[in-house]
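Got your viewer open? Let's take a short walk through this one, selecting a few spots along the way.

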Amino acid sequence: MLEFLIPNNMVCHATEAMLFASIGCGILAVLITQMKISSIGFTMAHGAFAGAAVGMFFGLNITLAAVVGSILIAFLLGPLSDKARMPVDTILGVLFGAMMAVAIFFYAWMVQLGMGYDASALMFGSVLSLYREEIYGLAFIMLLVIVFVIVFYKEISSMIFHMKIAEISGIKTRPMMYMLLFMIALMVALTMPIVGGLLLYVWLVTPAAIAYQFCGTLKQMMVASPVIAGSISLIGTWAAFTFNLPIAPLSAVLFALVFLIAVLISPKRRIAREKYGAVKKE
């Protein structure tokens with residue numbers, strides 16, 4: 001898709017994958033952080049991790065297995081929470097532990113059997129090993145997320161403001177949540193081969209956390225978060241190829257650095273300090 005700008009195929013594929021994944025995750029990050037469901041993203045990332053490990057063991061397509069693992073978490077979460085009559089956070093903690101255990105069990109078993117698979121790609125990602133079809137899949141999910149937010153922006157805003165009030169006002173919050181979880185599951189599963197199961201959470205939270213330091217409205221965050229995510233990932237990709245460094249871990253470090261700088265220079269921090277100073281003077 002970007003061959004007319006980047007003639008080198010390897011660099012072009014890596015740039016496209018990082019860009020599409022970052023834009024999609026950047027938009028979902030706003031929904032995840034503003035709806036306060038960060039734990040869901042974290043658990044689904046590990047569901048994809050476990051699915052990929054199982055797929056690897058049985059010789060299946062790893063991406064497809066990761067999609068199944070992630071979607072399974074999305075559809076288990078609601079019914080399990082209702083049946084167990086426990087807080088969602090507790091169920092998420094149980095599922096997270098279970099998914100991590102499944103992933104480590106199959107990885108350890110493969111090592112014991114001498115199957116000789118390098119699991120570092122699963123944990124830290126390998127953007128260079130992507131097929132063209134996987135990049136098209138990422139582009140499709142990114143567009144799906146953009147369309148979802150544009151079409152249901154009013155419902156999403158109401159749900160972020162207050163879930164119960166949104167439900168009382170006639171918004172079908174449960175189907176909306178399932179649609180959101182389904183898209184998070186797909187994005188997580190397709191992004192995991194790029195940035196790895198251990199680093200995926202950075203893309204699902206940090207862009208929105210950075211955008212929050214400078215934005216006052218949800219609309220501003222919806223625009224700023226994917227722009228920030230895409231920009232940092234592109235800089236990380238360029239620096240990784242230039243200095244021969246790992247792409248995903250370098251980009252994750254850049255996300256952390258930008259977040260620290262954003263917190264230090266945030267206008268919200270200055271306003272809070274001025275208000276606190278004014279109160280003290282009174």
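Is Thr173 buried or exposed? Select Thr173 to find out, and keep in mind that you're looking at a predicted model. Thr173 counts as buried, because its relative accessibility is 7%, under the 20% cut-off. You'll find Thr173 in helix H9, which covers residues 173-195. Now show what surrounds it: apart from neighbours within four places in sequence, Thr173 is in contact with Met159, Met163, Ala166 and Glu167.

Next, pick out two cysteines. Cys12 has 0% relative accessibility, so Cys12 counts as buried. Cys25 is buried too, with a relative accessible area of 0%. Don't go hunting for disulfides, though: the structure holds zero.

On to helix H11, so select residues 218-243. Helix H11 has 26 residues, and from first C-alpha to last it reaches 37 Å, close to the 38 Å expected at 1.5 Å a residue. Step just past the end of H11 and click Asn244, where phi is positive, at about 55°.

Keep H11 on screen and add helix H7, residues 153-161. How are the two arranged? H7 and H11 pack at an angle of about 110°, and their axes are 11 Å apart. That angle makes H7 roughly perpendicular to H11.

Last stop: zoom in on where these helices touch. From H7, select Tyr153, Ser157 and Ile160; they meet Leu218, Lys219 and Met222 in H11. Colour this contact by residue type and you get four nonpolar residues, one polar and one charged. While you're looking at helices, here's a handy rule: an α-helix has 3.6 residues a turn, so residues three or four places apart point the same way.

Notes
Residues numbered from 1 in each chain as written. Predicted model: local features only at pLDDT ≥ 70, side-chain atom pairs only at ≥ 80, totals over all residues. Heavy atoms only, no water. Helix = DSSP H or I, 4+ residues; strand = E, 2+ residues; numbered from the N terminus. Buried < 20%, exposed > 50% of the residue type's maximum accessible area, 1.4 Å probe, protein only. Contact = heavy atoms within 4.5 Å. Disulfide = S-S within 2.5 Å. Expected span 1.5 Å × (residues − 1). Axes fitted to C-alpha atoms, helices over the stretch in contact; angles between N-to-C directions. Parallel < 35°, antiparallel > 145°, perpendicular 65-115°, else oblique. Nonpolar A, V, L, I, M, F, W, Y, C, P; charged D, E, K, R; others polar.
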